[in-house]
Amino acid sequence: MQPKKFRKMLVSGRAAVGWSAILMPKLLARAWGVRPPLNSEVRYAIRLFGIRNALLSYQLYQAERVEADPEELEEVLRQGIVVDVFDVFFGLGARAKKSGGSFTASIPAITSSIGVLLGFLGREQTGVSESQNE
């Protein structure tokens, strides 16, 4: 697959998760294995997570425009990779604290790992070919 297709998958996935968290925080909390009832602080934190993902999606979408600098695309991908790596670490830490090792406790770490993978696969390999030409 081409890097552009991986970036489209990343934009779509982040937008879907982001808007779901903003508009339906209870549904996302249930998918993560958080037991109801949710207090307002937890819903607020989930919405902040959603806003972050929606903005990361928009940033990547904007970096794809024709007149954008190629370095902008690379920078946006790097930022997303770093954010997703931290999400993986914190997701694994939260899973380790939960007893029973349920699959739902692993969902945030798994989805963030997919984000890291798509971020790497979405990078253009122009830097490698430029250094070989020199």
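1. Let me start with Asp84. Leaving aside neighbours within four places in sequence, Asp84 is in contact with Arg14, Ser112, Gly115 and Val116, where contact means heavy atoms within 4.5 Å. Asp84 lies in helix 4; helices here are DSSP runs of H or I with at least four residues, strands are E runs of at least two, and both are numbered from the N terminus. Asp84 is buried, with a relative accessible area of 5%. For the burial classes, buried means under 20% relative accessible area, exposed over 50%, and partly exposed in between, with a 1.4 Å probe and protein chains only. From C-alpha to C-alpha, Asp84 is 8.8 Å from Thr111, and the two are 27 residues apart in sequence.

2. A word on the basis for these values. This is a predicted model, in which local features need pLDDT of at least 70 and side-chain atom pairs count only at pLDDT 80 or more, while totals for chains, interfaces and linings use all residues. Residues are numbered from 1 along each chain as its sequence is written, and side-chain values use heavy atoms, with hydrogens and water left out.

3. Now the overall fold. The protein has six helices and zero strands, so the order from the N terminus reads α-α-α-α-α-α. Of its 134 residues, 30% count as buried. Among contacts with a separation of 6 or more, 67% are between residues 24 or more positions apart. The exposed area is about 8,900 Å², and carbon and sulfur atoms supply 64% of it; such areas come from the Shrake-Rupley method with a 1.4 Å probe, and for residues only the protein chains shown count as cover.

4. Next, the main core. The largest nonpolar core has nine residues: Phe6, Leu10, Val11, Leu60, Ala63, Leu73, Val76, Leu77 and Leu118. Helix 1, helix 3 and helix 4 are the elements that give two or more residues to this core. A nonpolar core is a set of buried Ala, Val, Leu, Ile, Met, Phe, Trp, Tyr and Cys residues joined through side-chain atoms within 4.5 Å. In soluble globular proteins, nonpolar side chains tend to be buried together.

5. Two members of that core are good places to look. Val76, in helix 4, counts as buried at 7% relative accessibility. Not counting neighbours within four places in sequence, Val76 is in contact with Gln59, Leu60 and Ala63. The C-alpha atoms of Val76 and Leu60 are 6.0 Å apart, with their positions 16 residues apart in sequence numbering. Val11, with the same neighbours within four places left aside, is in contact with Ser57, Leu60 and Tyr61.

6. Ser57 deserves its own point. Ser57 sits in helix 3 and is buried, with a relative accessible area of 5%. Beyond neighbours within four places in sequence, Ser57 is in contact with Val11, Arg14 and Ala15. Arg14 also appears among the contacts of Asp84.

7. There is a second, separate core of five residues, which includes Ala21, Leu28, Ala29 and Leu38. Ala29 is in helix 2 and is buried, with a relative accessible area of 1%. Residues up to four places away aside, Ala29 touches Val34, Leu38 and Ile46. Ala29 and Arg43 are 14 residues apart along the chain, and their C-alpha atoms are separated by 8.3 Å.

8. Pro25 is also found in helix 2 and counts as buried at 4% relative accessibility. Not counting residues up to four places away in sequence, Pro25 touches Ser20, Leu38, Arg43, Ile46 and Arg47. Pro25 and Ala45 are 20 residues apart in sequence and 9.1 Å apart in space, C-alpha to C-alpha.

9. Finally, the largest pocket. About 810 Å³ of space lies in it, and 30 residues line it, of which Trp32, Phe49, Pro108, Thr111 and Ser112 lie nearest its centre. Helix 1 (3-23), helix 2 (25-32), helix 3 (40-63), helix 4 (70-97) and helix 5 (107-121) each give two or more residues to the lining, and helix 5 gives the most, with seven. On a 1 Å grid over the protein atoms alone, a pocket is an open set of points where a 1.4 Å probe fits, with protein on both sides within 12 Å along at least five of seven lines; lining residues have an atom within 4 Å of a point. Points are joined across faces, edges and corners, and the volume is the space filled by probe spheres set on them.

10. By class, the pocket lining has 18 nonpolar, six polar and six charged residues. Here Ala, Val, Leu, Ile, Met, Phe, Trp, Tyr, Cys and Pro count as nonpolar, Asp, Glu, Lys and Arg as charged, and the others, Gly among them, as polar.
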